[in-house]
Amino acid sequence: MIAKNTLTLMSLWLYFILFGITYGQRNIIIKVGSEPFNLNSNYLINGVDSIRIDLFKFYIGNQRGDYQLVDASDVDTYQLPFDDKFLIIGMDSVTNTSGKLDGVFDPLLGMYWAWNTGYIQLKIKGNCYSQGFNSSFDYHIGGYQVPYLTYKVVKVQSNNAPLTIDLKHFFSVLPIYSTPKIMLPGPIAQEIFYNFTSSFK
Amino acid sequence: MLIGIPLISLMFVPIDGLFYRPEKWPKPIYNFRDNPLTFEGYTLGRTLFYDPILSKDSTISCSSCHLQFTAFAHVDHPTSHGINSRAGKRNAPGLMNLAWYPNFHWDGGVLSLNGQAINPLTHPDEMGETLEGVLVKLNRNEAYKSEFKKVFGTERITTSHLLKALAQFTVSLVSANSKYDSVMRKESSFNEQEQRGYSLFLKHCNQCHTAPLFTNFEFKANGIGPNALINDSGRRVITGKASDAYLFRIPTLRNIEYSFPYMHDGRITKLKDVIHHYANSSNWVYPISKELKLKNNSLSPEDQKDLIKFLKTLTDKEFLFNPSFGYRLK
């Protein structure tokens, strides 16, 4: 009798705990076509090239100013602490320059341009093997000044489903041979950014 | 009555060195709500400013290149120097009245005073440290831990605590008590030569070096031409615009007598040579901003002397020798 009551109480607790944890959150799933995305794995792009990513980080936020830094080396960051229907990829100029330097905005996280104030919105670094050649690339993508903004509002497809990001097309259009390195805002950085935002399904 | 006079003078210059807004000055831009000033925070910032713990090999502090007696500029060094005697590209500017700056550095690339300190801390030619490295050192230091806890209420020192503490000190470096200021407050008067210099200043200089801050914070080319030995295109590095090539911040003229050497690369040592440069358009090298081009009228040698006499009235001895801004014994 007592055991049954305890069990009921425990399941109630469990329910509240689970409910409490899952409320106001949304998970992210990152894929490359049909395969799950992982750092240091090879993916076939454009039918012939093989791409491998060593570092992949980006900011995602909501219209209330909450932000998360998603880092592929830390799957805990795949759980967003908000579940808004409209999400922001990149940052507006106010968030970018407000001088909040803690939490996800801590310059320690390697996403801050100290000498030309602003946050890097997307950092991606890796290698591409093509026809026997190995080319490395390194992109620091950001910018909040007109015309080279990196800011986009995306609408989440369904209320309860996780947010799916498919990088297949994004990988296939990276300018790895023409521009293997970008460290500044500009037209190519902006193009890379918009190609990235089109990965959000 | 007798008690009233010292009380009034205390209102203008707080003896503890904390930030104040001088009478008739514009509203400061610094966000004090985000970093409320306290005496403890200011004192902690002051300790950090003078502590070489912030550099990679504990040899260089902020004060190595920003000395109080030269208005926190770097006397006799054309460009700043860092760990292992490495030289930077630009002249370490004087630090004063920073609460009114819309952005920082000779190129204006830094948009908040809080974020500014990351640059000298992490630049390989300056303090050469990483933020991680500084925080590890500070979090190991019991004295710092307890001081930070007093100011920010937390056990662990973070990036923003470090930067906000430093900013509480640097934002408090207000220089507004030169002879010029006392003349403006009608507490004293210029002599004849200073008065002539002041008239020349208003006619020729005030457009860019606008009172009371003696800069309008814009970026201009003053005709000294690019430095042949240092590749530095100034404002263009930040904006990417070709039209911004070789533009640098208009610096303040406050305490100019002491903040030599002059120009963004410290290439001119004597104030009279700076004035001579502006007074002789035949010396100017492209690019030249339109404000200067339009002037194009030379100053006689007498005018130049008068102008220098006026510029020396911008020296604020109380600021340069205020013990509250100096090294703090721990």
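Domain bounds here come from an automatic or database domain assignment. With that in mind, let's work through this predicted model one exercise at a time.

**Exercise 1. Find the domains of chain B and describe how they meet.**

Solution. Start with the bounds: domain 1 of chain B covers 25-174, and domain 2 covers 179-317. Next, look at their spacing, which is 26 Å between the C-alpha centres of the two domains. Now turn to the contact, where domain 1 of chain B contributes 22 residues and domain 2 of chain B contributes 25 residues. Finally, sort the domain 1 side by class: eleven residues are nonpolar, eight are polar and three are charged.

**Exercise 2. Sketch chain A in terms of its helices, strands, burial and contacts.**

Solution. Begin with the elements: chain A has 13 strands and four helices. Then consider burial, which applies to 28% of the 201 residues in chain A. For the last step, take the contacts in chain A with a separation of 6 or more; 67% of them join residues 24 or more positions apart.

**Exercise 3. Work out which helices of chain B supply at least two residues each to the side that touches chain A.**

Solution. First note the residues on each side: 19 come from chain B and twelve from chain A. The helices to mark on chain B are α4 (113-116), α5 (118-122), α6 (131-140) and α8 (159-170), each supplying at least two residues. To finish, classify the chain B side: it holds eleven polar, six nonpolar and two charged residues.

**Exercise 4. Locate two cis peptide bonds in chain B, at Pro261(B) and Pro287(B).**

Solution. It helps to recall that most peptide bonds are trans. Go to Phe260(B) and Pro261(B), which are joined by a cis bond with omega of about -5°. Pro261(B) sits in the loop between β2 (248-249) and α12 (271-279) of chain B. Then move on to the bond from Tyr286(B) to Pro287(B), also cis, with omega near 0°. Pro287(B) belongs to the loop between α12 and α13 (290-295) of chain B.

**Exercise 5. Decide whether Phe72(B) and Met263(B), each with a positive phi, are buried or partly exposed.**

Solution. As background, most residues other than glycine have a negative phi. Phe72(B) is not a glycine, yet its phi is positive, about 65°. You will find Phe72(B) in the loop between α3 (62-65) and α4 of chain B. Count its neighbours: 27 other C-beta atoms lie within 10 Å. The cut-off for a buried residue is 20 or more, so Phe72(B) is buried.

Met263(B) has a phi near 80°, again positive in a residue other than glycine. Its place is the loop between β2 and α12 of chain B. Met263(B) has 18 C-beta neighbours inside 10 Å, so it counts as partly exposed.

**Exercise 6. Describe how helix α10 of chain B packs with helix α14 of chain B.**

Solution. Two packed helices are described by the angle between their axes and the distance between the axes. For α10 (residues 192-204) and α14 (residues 301-311) of chain B, the angle is about 100° and the axes are 7 Å apart. Angles of 65 to 115 degrees count as roughly perpendicular, so α10(B) is roughly perpendicular to α14(B). Now pick out residues in the contact: among them are Arg196(B), Tyr198(B) and Phe201(B) in α10(B), and Asp306(B), Leu307(B) and Phe310(B) in α14(B). By class, the contact comprises five nonpolar, five charged and two polar residues.

How values were computed. Residues numbered from 1 in each chain as written. Chains lettered and ligands numbered in written order. Predicted model: local features only at pLDDT ≥ 70, side-chain atom pairs only at ≥ 80, totals over all residues. Contact = placed C-beta atoms within 7 Å. Nonpolar A, V, L, I, M, F, W, Y, C, P; charged D, E, K, R; others polar. Buried ≥ 20, exposed ≤ 12 C-beta atoms within 10 Å, placed from the backbone. Axes fitted to C-alpha atoms, helices over the stretch in contact; angles between N-to-C directions. Parallel < 35°, antiparallel > 145°, perpendicular 65-115°, else oblique.
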